[in-house]
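This report walks through surface, charge pairs, helix geometry and cysteines, in that order. Keep the structure open while reading.

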Amino acid sequence: MFMLWVKAFHVIAMVCWFAGLFYLPRLFVYHAACEDQPGRERFKVMERKLYKGITTPSMIATVALGLWLISYNVQGYFSQGWLHVKLLLVLLLVGYHFYCGYLVRVFREDNNQRSHVFYRWFNEMPVLVLVAVVILATVKPF
């Protein structure tokens, strides 16, 4: 029964993490297109607070709770191919997360060289990962 609570909080943390990963690159879109200094300063604050206050703690909770879930049956879970693919996607998502942190610093230092169009495409990557992870965890196709 306790495992179900761990799973529920894992899903809640994952939803919060993805909310941040969806919204942060959208802020980059608007920040890259912003023309005025007060607007750019406002985006810097929003990006920093979202990344450090919501997205990063949610990522840590998601990963920690996921590892806790795996610990209930390590041998059983690792014998299933879908988990290997899911963990690879989570690893890629963690990399994406830290790259977003790098971009927060780039914008903070006024060193952004990319257009809002780049960030519009960049914003779509976590959607693809979310679809794949949910299908893998729910359907367990292999």
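Helix α1, residues 2-33, supplies the largest share of the nonpolar surface patch: five residues. The model is predicted. The full patch is formed by Met1, Phe2, Leu4, Trp5, Phe9, Ile12, Trp68 and Tyr72. Together these residues have about 950 Å² of accessible area. Leu4 lies in helix α1. Its relative accessibility is 52%, so Leu4 counts as exposed, the cut-off being over 50%.

Next come the charged side chains. Side chains of opposite charge can pair when their charged atoms come close. How many salt bridges does the rule give? The count is three. The table lists the pairs.

| Pair | N to O distance |
|---|---|
| Lys44 and Glu41 | 3.0 Å |
| Lys44 and Asp110 | 3.0 Å |
| Glu109 and Arg108 | 3.6 Å |

Glu41, Lys44 and Asp110 are linked in a network of salt bridges. Lys44 takes part in a bridge with Glu41 and in another with Asp110. The Lys44 and Asp110 pair links distant parts of the chain. Lys44 sits in helix α2, whereas Asp110 sits in the loop between α4 (81-108) and α5 (116-122). The two are 66 residues apart.

The Lys44 and Glu41 pair lies within helix α2, residues 37-71. These residues are three apart in the helix, so about one helical turn separates them.

Is Lys44 buried or exposed? Its relative accessibility is 12%, so Lys44 counts as buried; the cut-off is under 20%. Both of its partners are partly exposed: Glu41 has 34% relative accessibility, and Asp110 has 46%.

The remaining bridge joins Glu109 to Arg108, with the closest N and O atoms 3.6 Å apart. Glu109 is partly exposed at 45% relative accessibility. Arg108 is partly exposed too, with a relative accessible area of 44%.

Now the geometry of α4. Which span should its 28 residues give? At 1.5 Å a residue, the expected value is 40 Å. The end C-alpha atoms are 41 Å apart, which agrees. Just after α4, Asp110 takes a positive phi of about 55°. Asp110 is also the residue that meets Lys44 in a salt bridge.

Last, the cysteines. How many disulfides does a search of the whole structure find? The search finds zero. Why is Cys16 without a bond? The closest cysteine sulfur to that of Cys16 is in Cys100, 16 Å away, so the gap is too far for a bond. A disulfide would need the sulfur atoms within 2.5 Å. Cys34 gives a similar account. The closest cysteine sulfur to that of Cys34 is again in Cys100, at 19 Å, and this is too far for a bond. As for cover, Cys16 is partly exposed, with a relative accessible area of 32%. Cys34 counts as buried at 15% relative accessibility.

Terms used:
Residues numbered from 1 in each chain as written. Predicted model: local features only at pLDDT ≥ 70, side-chain atom pairs only at ≥ 80, totals over all residues. Heavy atoms only, no water. Patch = residues over 30% accessible without salt bridge, like charges linked within 9 Å, V, L, I, M, F, W, Y side chains within 5 Å. Areas by Shrake-Rupley, 256 points an atom, 1.4 Å probe, with all protein chains shown as cover. Salt bridge = Lys/Arg side-chain N within 4 Å of Asp/Glu carboxyl O. Helix = DSSP H or I, 4+ residues; strand = E, 2+ residues; numbered from the N terminus. Buried < 20%, exposed > 50% of the residue type's maximum accessible area, 1.4 Å probe, protein only. Expected span 1.5 Å × (residues − 1).
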